[in-house]
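Trainee: I am new to this structure and would like a close look at a single part of it, taken slowly. Please choose one strand, start from its pairing, and then show me how it sits in its surroundings.

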Amino acid sequence: MPEPVTRPGNDHWTVWDLVSERLQAELPRQSYLTWFRPLEPLSYDGETLTLQVPSQFYCDWIESHYAHHLRVATADALGHAICHKFVVSHNGKVNGRAPVDTPPISLPVLQPVEPQQKPSIKVSGPNESFESRLNERYLFSNFVEGDCNRFARAAALAVADAPGKTPFNPLMIYGGSGLGKTHLIQAIGNTILARKSARRVIYVTSEQFTAEFIKSIQGGKLDAFNRLYRSVDVLLLDDVQFFMTKEKTQEEFFHTFNYLHHAGKQLVFSSDRPPRDLEGFDSRLVSRLQWGLVSEMTIPEYETRLAILRRRAEEEKIELDDDVAQFLALHITDNIRTLQGALIHMLAQASLMGKTISISLAKEVIKNLISKADRIISVERIQALVAEEYGFPNDLIRSKTRKKEIAEARQIAMFLCTEFTRLTLKAIGLHFGGRDHATVIHARETVNERIKIEKAFADIVERLHRKLELASI
Ligand code: ADP
Ligand code: MG
């Protein structure tokens, strides 16, 4: 056990070296090299270690994947817990030390972005001062609209325009992980602060809220806690599902809710499930969460995934070929965080290992991100892809209907199944509502004939073919 390094003013490099040593021991070598080697310590004051990262990507990635490792490694190295602050390099510079075993290659020039953890705006209230705790990066202007979020986004915009004055109070947004809930509710807060339509905006996760509540009880400061949360104009509470098992916190929150709502203040919530599925929630609270507007965010469709990816690449000044973007958007379907993570991985690999951002690099990255099962081209996957192309639900392809467009899509899907799966004609037929093998042969022949003579038809088949080729890594 080395001497604990606790004195303020200690050489931040020494501290970082100690932390790095532990991270190296803990993490797979590639992960360490990719995510931690490029960091540069800027300062250490005994409480906070400030680290420079090459881009906002790094903050996001380290926070979502390695925050725990970093905390443990630091506590282990220093003998006590400290805070970490990230500052994004303004010139995209990687630290002075070249990554081991790899040629020193400079990162693409990256936009200067403010550090994520910085509390963006401090507001002094009548009695207390508090921080909005918003991340300035989450804006409406960089939130890509799609069918999956159109309604939630419109509601969020309306609330941002007139906090506390719309029927959307509370506004409750729910949906799976990585679909943009945090982004959207923070965009509300950032817009309100930018327009100065309300001053006291606070963003808090229900986890944080719970921790503060417990701490306030332990420290005999419940009054101050209540004063703070009851003094806000806008309360943005993220991930309320975390309250599920926390009865006391729920009760406290219930009173805060009533107080604020009664005073006409705006409440915005997010959750990973609809209110009715919040098990272990007080029914009065569930009912209140539904007083205003409840809006679902769903998995983004292909076009939206592509648009989000392109925008993010643009923000980070990464040149992303159409092929690569399409490939990623095609494969990573259910989570925008993972989609962006793939981009981060590619950027890191390209920068540190001297690789170019290409389909083959994307394949490599995706192999690590997506389970093998998801990469197998199944009949269902082909059916889904074709249905998406034609814009109708998957089950129609399997149905008995002989409607021209559906029959055409069904034939294409069968044709693609003969090309991309190893199933017998009989098995393929069974996947299409129990049709026989002769139907599959007929479909294959029809498609082959039409490709030769109908340009529009050939284009559709080619497009689908290409997508599936890309998918069969
Ligand atoms: P959630 O809170 O639902 O788990 P986040 O809001 O944290 O998801 O979103 C995950 C990542 O995806 C964030 O970096 C966010 O900026 C990005 N993101 C999600 N939806 C969109 C969108 N529609 N446009 C642009 N970026 C998005
Ligand atoms: Mg979130």
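Mentor: Leu 171 stands opposite Leu 293 in β10, and this pair is a good place to enter strand β6, which covers residues 171–174. Please keep in mind throughout that we are reading a predicted model. Further along, Tyr 174 stands opposite Glu 296 in β10, and altogether four bridges join β6 to β10, with the two strands running parallel. β6 also pairs with β9, again through four bridges and again in parallel, and there the bridge partner of Met 172 is Phe 269.

Now consider where the side chains of β6 go. In a regular strand the side chains alternate between the two faces of the sheet. In β6, Leu 171 and Ile 173 point one way while Met 172 and Tyr 174 point the other way, and all of these residues are buried.

With both partners in hand, we can place β6 in its sheet, which is open, has five strands in the order β7-β8-β9-β6-β10, and is paired in parallel. Its edge strands are β7, residues 201–205, and β10, residues 293–296, each of which pairs on one side only. From one strand to the next, the twist averages 15 degrees. Helix α5, residues 181–195, packs on this sheet, where it touches β6 itself as well as β7, β8 (234–238) and β9 (266–271), and its direction makes about 165 degrees with that of β8.

The edge strand β7 deserves a pause, for a strand at the edge of a sheet invites a question: is β7 enclosed by the rest of the structure, or open to the outside? Five of its five residues are buried, so β7 is largely enclosed by the rest of the structure. The burial covers both directions, since Val 201, Tyr 203 and Thr 205 point one way from β7, Ile 202 and Val 204 point the other way, and all are buried. On its paired side, β7 is joined to β8 by five bridges, the two strands running parallel, and the partner of Tyr 203 in β8 is Leu 236.

For contrast, it helps to set beside this sheet another one, an open sheet of three strands in the order β1-β2-β3 with mixed pairing. Its edge strands are β1 (40–44) and β3 (83–88), each pairing on one side only, and the twist there averages 25 degrees from one strand to the next. Four bridges join β1 to β2, residues 48–53, and these two strands run antiparallel; within that pairing, the bridge partner of Pro 41 is Leu 51 in β2.

Two helices accompany this three-stranded sheet. Helix α1, residues 12–26, lies across β1 and β2 and runs at about 120 degrees to β1. Its 15 residues should span 21 Å at 1.5 Å a residue, and its end C-alpha atoms are 21 Å apart, which agrees. The buried residues of α1 include Val 15, Trp 16, Leu 18 and Val 19. An α-helix has 3.6 residues a turn, so residues three or four places apart point the same way.

Helix α3 also packs on this sheet, touching β1, β2 and β3, with a direction that makes about 145 degrees with that of β3. A straight helix of 23 residues would span 33 Å, yet α3, residues 56–78, spans only 26 Å between its end C-alpha atoms. There is a kink of about 80 degrees in α3, centred on Tyr 66. After the helix comes Gly 79, whose phi is positive, near 85 degrees.

Finally, step back from β6 to the chain as a whole, whose secondary structure comes to 20 helices and 10 strands. Of the 473 residues in the chain, 51% are buried, and the four residues of β6 described above, Leu 171, Met 172, Ile 173 and Tyr 174, belong to that buried part. Among contacts between residues at least 6 apart in sequence, 73% join residues at least 24 apart. The accessible surface of the chain comes to about 22,400 Å², with 51% of it belonging to carbon and sulfur atoms.

Note on methods:
Residues numbered from 1 in each chain as written. Chains lettered and ligands numbered in written order. Predicted model: local features only at pLDDT ≥ 70, side-chain atom pairs only at ≥ 80, totals over all residues. Heavy atoms only, no water. Pairing = 2+ DSSP bridges. Axes fitted to C-alpha atoms, helices over the stretch in contact; angles between N-to-C directions. Contact = heavy atoms within 4.5 Å. Expected span 1.5 Å × (residues − 1). Bend = angle between axes of the 7 residues up to and from the residue. Buried < 20%, exposed > 50% of the residue type's maximum accessible area, 1.4 Å probe, protein only. Areas by Shrake-Rupley, 256 points an atom, 1.4 Å probe, with all protein chains shown as cover.
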